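Trainee: I should like a close look at a single part of this protein, its nonpolar interior. Please take me through it in one connected account.

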Amino acid sequence: MSTLAHTMMTAARSADSGLSGPGELDRYPYAETSAVDRVGAPVWEGADPELGRVSRRAAGSRGRGLHGQLVQQLGQMIVSGDLGADRPLVPEEIGQRFEVSRTVVRESLRVLEAKGLVSARPNVGTRVRPVSDWNLLDPDVIEWRAFGPQRDDQRRELSELRWTIEPLAARLAAGHGREDLQQRLSDMVEIMGHAMTQGDALTFSRADAEFHTLLIQIAGNRMLEHLHGIVSAALQVSGGPFTGCERPNEASVAQHARIVDGLGTGDGVAAEAAMRQLLTVHPEVERVVPAPREH
């Protein structure tokens with residue numbers, strides 16, 4: 001096994017999946033009657049009081065301390081419909097419910113506003129925006145939808161986008177001859193093969209995600225590169241019937257290897273075909289994304 005492959009496997013196995021402690025926060029007092037007397041206060045019973053459990057990826061990516069965890073919690077509640085546009089989101093009530101500081105609440109709402117989930121206006125307050133305004137390509141929003149009531153639609157849509165993006169990326173990548181990145185792709189295939197034999201699903205999935213991200217980078221299309229977050233998010237939320245390479249198996253490793261072979265020989269057609277085959281590992285996918293029509 002190459003040095004890179006061994007290093008990545010070691011790192012994956014030693015990664016800490018737990019959340020770091022929140023530390024001491026600046027708590028602030030509220031009027032005792034603020035939540036009780038306010039008409040139309042939101043119902044928070046659907047929220048998880050243990051913020052450390054709000055997301056599968058909270059520690060690994062965007063969830064940093066209470067701020068990131070609160071973003072995850074509120075985002076999930078909005079996407080699931082637990083928080084709707086029928087009543088405003090009052091910062092004081094959020095702070096009391098989750099026992100976080102004014103600063104944490106304010107910054108969390110700003111993040112959600114940037115994602116298109118909420119809007120803050122004078123004399124109106126902060127309200128949930130309609131789905132049509134959400135940034136549906138945001139990795140967080142993708143995750144929240146994938147684990148919420150819209151999970152089937154989200155995974156189907158992700159599969160359809162991958163079917164469009166990744167075969168094209170494979171074909172374009174075959175013409176760029178980036179030997180350094182192609183070697184890294186080979187390393188990822190090696191890692192995946194070894195992880196499969198060891199039953200190490202975590203290392204397999206991380207190498208898989210790295211493979212697909214690298215492939216889009218090699219394609220040399222900047223607009224495609226901006227869409228790599230969609231592919232990464234799709235792999236992160238895999239597990240439903242509409243994803244193609246989330247399970248460690250010999251067929252998946254073989255198709256990844258064929259893609260690398262196509263890149264090595266400059267055969268874009270072969271690389272594209274191997275990618276399409278990879279994305280249709282499960283029979284269910286073929287019903288979602290039919291084969292191109294013959295003209």
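Mentor: The account below begins with the basis of the values and then turns to the interior.

This is a predicted model, in which local features need pLDDT of at least 70 and side-chain atom pairs count only at pLDDT 80 or more, while totals for chains, interfaces and linings use all residues. Residues are numbered from 1 along each chain as its sequence is written, and side-chain values use heavy atoms, with hydrogens and water left out.

A nonpolar core is here a set of buried Ala, Val, Leu, Ile, Met, Phe, Trp, Tyr and Cys residues joined through side-chain atoms within 4.5 Å; buried means under 20% relative accessible area, exposed over 50%, and partly exposed in between, with a 1.4 Å probe and protein chains only. The largest such core has 26 residues, and those with the most contacts inside it are Leu185, Met188, Phe211, Leu215, Ile259, Leu263 and Met275. At least two residues of this core come from each of α7 (151-173), α8 (179-198), α9 (201-218), α12 (250-264) and α13 (268-278). Helices are DSSP runs (H or I, at least four residues), as strands are (E, at least two), numbered from the N terminus. The greatest contribution to this core, 7 residues, is that of α8.

Leaving aside neighbours within four places in sequence, Leu185 is in contact (heavy atoms within 4.5 Å) with Phe211, Leu214, Leu215, Ile218, Val260 and Leu263. Another core, of 22 residues, lies apart from the largest one and includes Leu66, Ile78, Leu117 and Trp144.

In the loop between α8 and α9 lies Asp200, which counts as buried because its relative accessibility is 13%. Asp200 is 48 residues from Pro248 in sequence, yet their C-alpha atoms are 8.5 Å apart in space.
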